[in-house]
Amino acid sequence: MMSFIRQLVIFMALFVFTVTGQATVRFLDTNLIVKEGDQFDLRLQRTGSISSELVVTVAIESDLSDDFIGDTQVARFNPTGSDTVAVTFTVRDDDEPEPDEVSILQITIVGRAAIAVDPSQTRVTILANGDAYGVFGFTEASPRRVIENTFTEVINIKIGRQRGLFGSIMVRYMINGSSLEADVGKDIAPSSGFVRFQPNERENYLQLQIRADDIPENAETFTVYLVDTSHMARIDQTRSSFTFIIQANDAPVGFRSQGP
């Protein structure tokens, strides 16, 4: 019984080889990473003999055909020509923010002169583009003047997100004082940190505490800097800093009361 099954398997393998040995076509390139505006080649390899021209199409099977200029390309094998040919695709360059996108391209044989064998599909990844994950910056004009109260006060500084709204993004910030008297650690909390933006979130607030004390102080200037972001987002360098001034408080040096 086992001998019969073994002979049957061998017969079927020989049968398939006989049928498909006439000609087969497969991809040589199966996983490409490209950018918007790129032009790239996909190589196809033929095995077996052909007696006339063999026409093969490569078409985009996914719903992302609009990302390419033309969704189908044609390859032609000649009996006396090379057993490897290439088709060329061009990625459309637009201004739309888009995350990574994956397209599947499929081989189709025109006629019955050959069959497509694995790998008969290839995967093309178009990298995120158009600032898909956002461009971050302060949306308010500065400087802002604040008052040190007798209690710790919280101020909110708005950060905006332009362009794409994909992904959860962390925006890192840090604060510097303009002088030795402007002591970030003593007057402001926290002195650095992150603001998290959720997907589709266009704006968020950086919250800072202005610490209260009873020490006489002149006006102190502090600047908040957006330093960097996570993932593939970026900072708008024209809106990367915000300045605020804590006004003089607790009868500082130089304070003079007016007589009647």
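This is a short tour of the structure, stop by stop, with a selection to make at each one.

**Start with the whole chain**

Keep in mind that you are looking at a predicted model. Show the chain as a cartoon and you will find two helices and 19 strands. Now colour by burial: of the 260 residues, 37% count as buried. Turn on a surface as well, and about 15000 Å² of accessible area appears, 51% of it belonging to carbon and sulfur atoms. Contacts are worth a look too. Among those in the chain with a separation of 6 or more, 71% are between residues 24 or more positions apart.

**Select 54–60: strand E4**

This is a good place to look inside. Seven of the seven residues of strand E4 are buried, so the rest of the structure largely encloses this strand. Show its side chains. In a regular strand, they alternate between the two faces of the sheet. On one side of E4 you will see Leu54, Val56, Val58 and Ile60, and on the other Val55, Thr57 and Ala59, all of them buried.

Which strands pair with E4? Add residues 72–77, strand E5, which runs antiparallel to E4 and is joined to it by six bridges. To find the register, pick Ala59, whose bridge partner in E5 is Thr72. Then add residues 101–110: this is strand E7, also paired with E4 in the antiparallel sense over six bridges. Here, pick Val56 and look across to Ile109 in E7.

**Select 24–27: strand E1**

Next comes an open sheet of four strands, in the order E6-E3-E1-E8, with mixed pairing. Its edges are strand E6 (84–90) and strand E8 (115–116); each has a single partner strand, so one side of each is left without a neighbour in the sheet. E1 and E8 pair in the parallel sense over two bridges. Pick Val25 to find Ala116 of E8 standing opposite.

**Select the charged pairs**

The whole structure holds eight salt bridges, and three of them are on this tour.

- Arg234 and Asp131: their side chains meet with an N to O distance of 2.9 Å. Arg234 lies in strand E18 (residues 234–235) and Asp131 in the loop between strands E9 (121–126) and E10 (135–138), so the bridge ties together parts that are 103 residues apart in sequence. How accessible are the two ends? Arg234 is partly exposed at 42% relative accessibility, and Asp131 is partly exposed at 22%.
- Lys158 and Glu203: the closest N and O atoms of this salt bridge are 3.9 Å apart. Because Lys158 is in strand E12 (residues 153–162) and Glu203 in strand E16 (residues 203–210), the pair ties together parts 45 residues apart in sequence. Lys158 counts as partly exposed, at 22% relative accessibility, and so does Glu203, at 41%.
- Asp236 and Arg239: in this salt bridge, the closest N and O atoms are 3.0 Å apart. Is Asp236 buried or exposed? Asp236 is buried, with a relative accessible area of 15%.

**Finish with 174, 225 and 227**

For the last stop, return to the surface view. Met174, Tyr225 and Val227 make a nonpolar surface patch of about 220 Å². Click on Tyr225 and you are in strand E17 (residues 220–229). The relative accessible area of Tyr225 is 33%, which makes this residue partly exposed.

Conventions. Residues are numbered from 1 along each chain as its sequence is written. This is a predicted model: local features need pLDDT of at least 70, side-chain atom pairs count only at pLDDT 80 or more; totals for chains, interfaces and linings use all residues. Side-chain values use heavy atoms; hydrogens and water are left out. Buried means under 20% relative accessible area, exposed over 50%, partly exposed in between (1.4 Å probe, protein chains only). Contact means heavy atoms within 4.5 Å. Accessible areas come from the Shrake-Rupley method with a 1.4 Å probe; for residues, only the protein chains shown count as cover. A salt bridge is a side-chain nitrogen of Lys or Arg within 4 Å of a carboxyl oxygen of Asp or Glu. Two strands pair if DSSP finds at least two bridges between them. Patches are made of residues with over 30% relative accessible area and no salt bridge: like charges are joined within 9 Å, nonpolar side chains (Val, Leu, Ile, Met, Phe, Trp, Tyr) within 5 Å.
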